[in-house]
Each structure stands twice: as structure tokens, then as C-alpha cells.
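These are my notebook entries on a single protein chain, written down in the order in which I looked things up. I begin with the overall layout and then move to the sheet, the core and the rings.

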Amino acid sequence: MENHKIEKLIKPMVGKLYEYQKQELMVLSYTIGGNVIKIYCDGPKPHITIMRDDLEGVLQSFIEVSTDRAVTVHQGAVNPYLDQPTEGAPANFMRNTIVGKNAGKLSEIIMASIEKLQNDPSYISQAEAVNAQVKSLIELGKSEIEMFKVAAYMSK
């Protein structure tokens with residue numbers, strides 16, 4: 001399968017929640033290599049590696065999850081990631097997190113840095129700085145998730 005056809009299949013998946021192998025995961029980005037496609041996600045594995053020939057079959061096993069199911073918050077709970085208390089409606093809390101608001105932009109920056117590294121080895125020092133910032137954002141994202149867990153627990 002040609003790269004542009006692969007992109008046409010995977011690009012719309014970025015930023016969406018899926019069930020894959022009985023686990024929910026958010027597709028964050030992807031890379032297309034020789035015979036290998038990697039889909040980067042927030043699931044238990046940081047990425048899923050798919051052989052080019054197997055792509056269509058594997059993608060059929062990704063089941064899109066409604067954002068209604070993504071996270072539910074108890075009625076009347078005050079959630080620090082929402083602008084107001086919930087009223088029994090499911091909440092998509094990622095929209096108000098630093099990482100959630102900037103996921104697409106962050107993915108583009110990371111992919112651009114990888115491309116620059118492939119084309120210009122002198123970019124390594126700048127890439128190391130980008131890497132350090134990305135690691136900081138990952139830690140921030142982990143903190144946001146923990147805060148949400150605490151808020152959800154406290155609302156019970």
C-alpha cells in the first residue's frame with residue numbers, strides 16, 4: 001500500500017479514542033517507515049507496530065469509542081478539568097488539560113524534529129532540548145491524570 005493511502009487511513013484516527021485488543025487508547029500520532037507503520041498511543045504500550053501488508057486488517061480491529069464513554073463523572077461532582085460542575089452528563093476531560101489542548105501541535109513538533117534529525121545531524125543538540133521539553137510535558141500530563149483520578153474519587 002502506498003504512503004498516501006496509509007495516511008488517508010490513519011490520519012483521521014489521530015486524536016480519537018479506540019478500543020484495541022480489549023483496551024482503550026487514544027491515537028496520538030503515527031510514522032510510516034519501509035515495511036512498518038507505528039501508531040503512537042496513550043495505551044499500555046507507547047506504540048503499536050504494524051507491518052505494511054497487515055495494516056488494513058489490523059485497522060479493522062480498532063473500534064472507535066464514543067467520547068461519551070471516554071470518562072464519566074458522577075452527577076454533581078466538581079471536576080477541576082471542567083468549567084462547571086457536571087450534571088450527570090459524561091465529560092470529555094481531556095479538552096481542558098494542557099496535554100489535551102496541545103496534542104496535535106505537540107505531535108507535529110515531535111514529527112518535525114524527527115524529520116529534521118533525519119536530514120541534518122547537526123540538529124541533535126536542538127532535538128535534545130525538544131526531547132527534554134517533551135519529557136516535561138509527559139510528566140505534566142501524568143500529573144493531570146492523577147489529579148483527575150483524585151477528583152473523580154473525591155466526587156463519589
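Entry 1, layout. I counted the secondary structure and found that the protein chain has 5 helices and 5 strands; I keep in mind throughout that this is a predicted model. Reading along the sequence, I noted the pattern α-β-β-β-β-α-β-α-α-α. Of the 156 residues of the protein chain, 29% count as buried, and the chain exposes about 10400 Å², of which carbon and sulfur atoms supply 54%. I also looked up contacts between residues at least 6 apart in sequence, and 40% of these join residues at least 24 apart.

Entry 2, the sheet. I asked in which order the strands of the open sheet stand. The 5 strands have the order S4-S3-S2-S1-S5, with antiparallel pairing. S4 and S5 stand at the edges and have a single partner strand each, so one side of each is left without a neighbour in the sheet.

Entry 3, pairings inside the sheet. I went through the strand pairs one at a time, starting with S1 and S2, which pair in the antiparallel sense over 4 bridges; here tyrosine 20 has glutamine 23 in S2 as its bridge partner. S2 (residues 23-32) and S3 are antiparallel as well, with 5 bridges between them, and they form a hairpin with 3 residues between the two strands. In this pairing valine 27 stands opposite cysteine 41 in S3. On to S4 (residues 47-51), I found that 5 bridges join this strand to S3, again in antiparallel fashion, and that lysine 38 has threonine 49 in S4 as its bridge partner.

Entry 4, the faces of S3. Which side chains of S3 are buried, and which are not? Along residues 36-41 I found that Ile37, Ile39 and Cys41 point to one face and are buried, while Val36, Lys38 and Tyr40 point to the other face and are not buried. This is in keeping with a general rule: in a regular strand the side chains alternate between the two faces of the sheet. I then looked for what lies against the strands and noted that H1 lies across S2 and S3, running at about 155 degrees to S2.

Entry 5, the core. The largest nonpolar core has 17 residues, and those with the most contacts inside it are Ile10, Leu25, Val27, Ile39, Ile48, Leu59 and Phe62. The elements that give two or more residues to this core are helix H1 (3-10), strand S1 (17-20), S2, S3, S4 and helix H2 (55-60). I followed leucine 59 further and found that, leaving aside its neighbours within four places in sequence, this residue is in contact with Leu9, Ile10, Met13 and Ile39.

Entry 6, the rings. I searched for aromatic pairs and found 2 in the structure. The rings of tyrosine 18 and phenylalanine 62 have centres 5.9 Å apart and planes at 80 degrees, so I logged the pair as edge-to-face. Tyrosine 18 belongs to strand S1 and phenylalanine 62 to the loop between H2 and strand S5 (63-64), 44 residues apart, which makes this a link between distant parts of the chain. Tyrosine 20 and phenylalanine 62 form a stacked pair, with 4.4 Å centre to centre and 20 degrees between the planes, and these two residues are 42 residues apart. Tyrosine 18 and phenylalanine 62 are both buried, and tyrosine 20 is buried too. I closed the entry by noting that ring pairs link Tyr18, Tyr20 and Phe62 into a cluster.

Terms used
Residues numbered from 1 in each chain as written. Predicted model: local features only at pLDDT ≥ 70, side-chain atom pairs only at ≥ 80, totals over all residues. Heavy atoms only, no water. Buried < 20%, exposed > 50% of the residue type's maximum accessible area, 1.4 Å probe, protein only. Pairing = 2+ DSSP bridges. Core = buried A, V, L, I, M, F, W, Y, C linked by side-chain atoms within 4.5 Å. Contact = heavy atoms within 4.5 Å. Phe/Tyr/Trp six-rings, centres within 6.5 Å; stacked < 30°, edge-to-face > 60°. Axes fitted to C-alpha atoms, helices over the stretch in contact; angles between N-to-C directions. Areas by Shrake-Rupley, 256 points an atom, 1.4 Å probe, with all protein chains shown as cover.
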